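Let's take a friendly walk through this structure together. Have the sequence and the 3D view at hand, and follow along from place to place.

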Amino acid sequence: TIAVTLPFLVVFVQLKRTRRRVLLALLGATIVTLCVLYSKSRGGQLVMISVGGVYFVHRFKLRGLVLSLAAGAALFVVIVGARGDEAAQSSAERIAHMHEGMLMFKYSPVLGVGAEQYTEHHYMTAHNAYVLTVAETGGVGMFFWVAILYLSMKIPLIAYLRYRRRPEHAELRYWSVALIAALVGTYLGIFFLSFTWHYMLWCYLALSGAFYRAIKLHDDGFKVSFRFFDFAAVSVLTVGLIGGLFVLTTLLNR
């Protein structure tokens, strides 16, 4: 939750680059970084890395993407290796809880077992928002949930592409990149947390909706549609996530 606030500190400086703002942003970033590191949360550390990776990709394009993926993989190995057996045991437990969720989906694939009913069928929650969603709401609910995530990301992406070459709209570019980075971190973070119904997830999704409304007030031509291509993309993402999670939890739970 706090790691995905880092992009907003960047915007805080970009909007008005003064010594005071730079110092306040650096102080905030230091506090966030120390908190994430001292928490010893692998998920939190990966989220922080992914947020920085978005800015790196934005700056260096394809080279930045390759380097970010390589650096992220290396840091993940270091993070996991540093915790040794403790991390391995924690991961095994999480996989087992996730596997139970996929079994719930297997026996109730259309509508799931019901919202907030996971712990009625298993003693522990899924520790994974994607598994929790498909287990509790089935394939139908998963489709609509993924569609919300998809549209929330599409809004700042379309805004960035529309205004990236317009110097007079620099603020929109700053906010677009910040929201993309925050959402990338959020979508990665909820892979390790049962955040399907958590208010913090929906607060960040709401920021994207607010951003859309703010742009529309000044540019009525700005539009983010949901057409056949988007329907197909969300369908593929939904099926891919369900299939990937089923294979992943089945193989790792042996």
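Start at Ala 96, which you will find in helix H3. This is a predicted model, so everything described here comes from computed coordinates. Ala 96 has a relative accessibility of 28%, which is why it counts as partly exposed. Now look for Asn 253: in sequence it is 157 residues away from Ala 96, yet the two C-alpha atoms are 5.9 Å apart in space.

With that pair in view, step back to the whole chain. What does the protein chain contain in the way of helices and strands? There are eight helices and zero strands, so a walk from the N terminus reads α-α-α-α-α-α-α-α. The chain has 254 residues, and buried ones make up 40% of them.

Helix H6, residues 170-189, is a good place to check the geometry for yourself. At 1.5 Å a residue, its 20 residues should span 28 Å, and the C-alpha atoms at its ends are 29 Å apart, which agrees. H6 is also mostly covered, with 15 of its 20 residues buried. As you look along any such element, keep one rule in mind: an α-helix has 3.6 residues a turn, so residues three or four places apart point the same way.

Another pair of residues to find is Leu 207 and Leu 179. They are 28 residues apart in sequence and 8.0 Å apart in space, taken from C-alpha to C-alpha. Leu 207 sits in helix H7, and because its relative accessibility is 37%, it counts as partly exposed.

Next come the charged contacts. How many salt bridges does a search of the whole structure find? It finds three. One of them joins the side chains of Lys 154 and Asp 230, with 2.8 Å from N to O. Lys 154 belongs to helix H5 (residues 129-163) and Asp 230 to helix H8 (residues 228-252), so this pair ties together parts that are 76 residues apart in sequence. Are these two partners buried or exposed? Lys 154 counts as buried because its relative accessibility is 15%, and Asp 230 is buried too, with a relative accessible area of 3%.

Helix H5 also supplies a partner for another salt bridge. Here the side chains of Arg 162 and Asp 219 meet at 2.9 Å, N to O. Arg 162 lies in H5, while Asp 219 is in the loop between helix H7 (199-218) and H8, so the pair ties together parts that are 57 residues apart in sequence. Arg 162 is partly exposed, with a relative accessible area of 31%, whereas Asp 219 counts as buried at 17% relative accessibility.

There is one more salt bridge to visit, between the side chains of Lys 216 and Asp 220, where N and O are 3.8 Å apart. Asp 220 has a relative accessibility of 64%, and therefore counts as exposed.

Now turn to the surface. Which residues form a positive patch there? The answer is Arg 59, Lys 61, Arg 164 and Arg 165. Of these, Lys 61 can be traced to helix H3, which covers residues 42-107. A nonpolar patch is found on the surface as well: Val 110, Leu 111, Val 140 and Phe 144 form it, and together they have about 400 Å² of accessible area. To locate Val 110, look in the loop between H3 and helix H4 (118-121).

That loop holds another point of interest, this time in the backbone. Most residues other than glycine have a negative phi. Glu 116 is not a glycine, yet its phi is positive, at about 60°. Glu 116 is found in the loop between H3 and H4, and it is exposed, with a relative accessible area of 58%.

For a further example, move along to His 127, in the loop between H4 and H5. The phi of His 127 is near 60°, again a positive value in a residue other than glycine. His 127 counts as partly exposed, because its relative accessibility is 24%.

Methods: Residues numbered from 1 in each chain as written. Predicted model: local features only at pLDDT ≥ 70, side-chain atom pairs only at ≥ 80, totals over all residues. Heavy atoms only, no water. Patch = residues over 30% accessible without salt bridge, like charges linked within 9 Å, V, L, I, M, F, W, Y side chains within 5 Å. Areas by Shrake-Rupley, 256 points an atom, 1.4 Å probe, with all protein chains shown as cover. Salt bridge = Lys/Arg side-chain N within 4 Å of Asp/Glu carboxyl O. Lys, Arg positive; Asp, Glu negative; His and termini not counted. Charge placed at Lys NZ, Arg CZ, Asp CG, Glu CD. Helix = DSSP H or I, 4+ residues; strand = E, 2+ residues; numbered from the N terminus. Expected span 1.5 Å × (residues − 1). Buried < 20%, exposed > 50% of the residue type's maximum accessible area, 1.4 Å probe, protein only.
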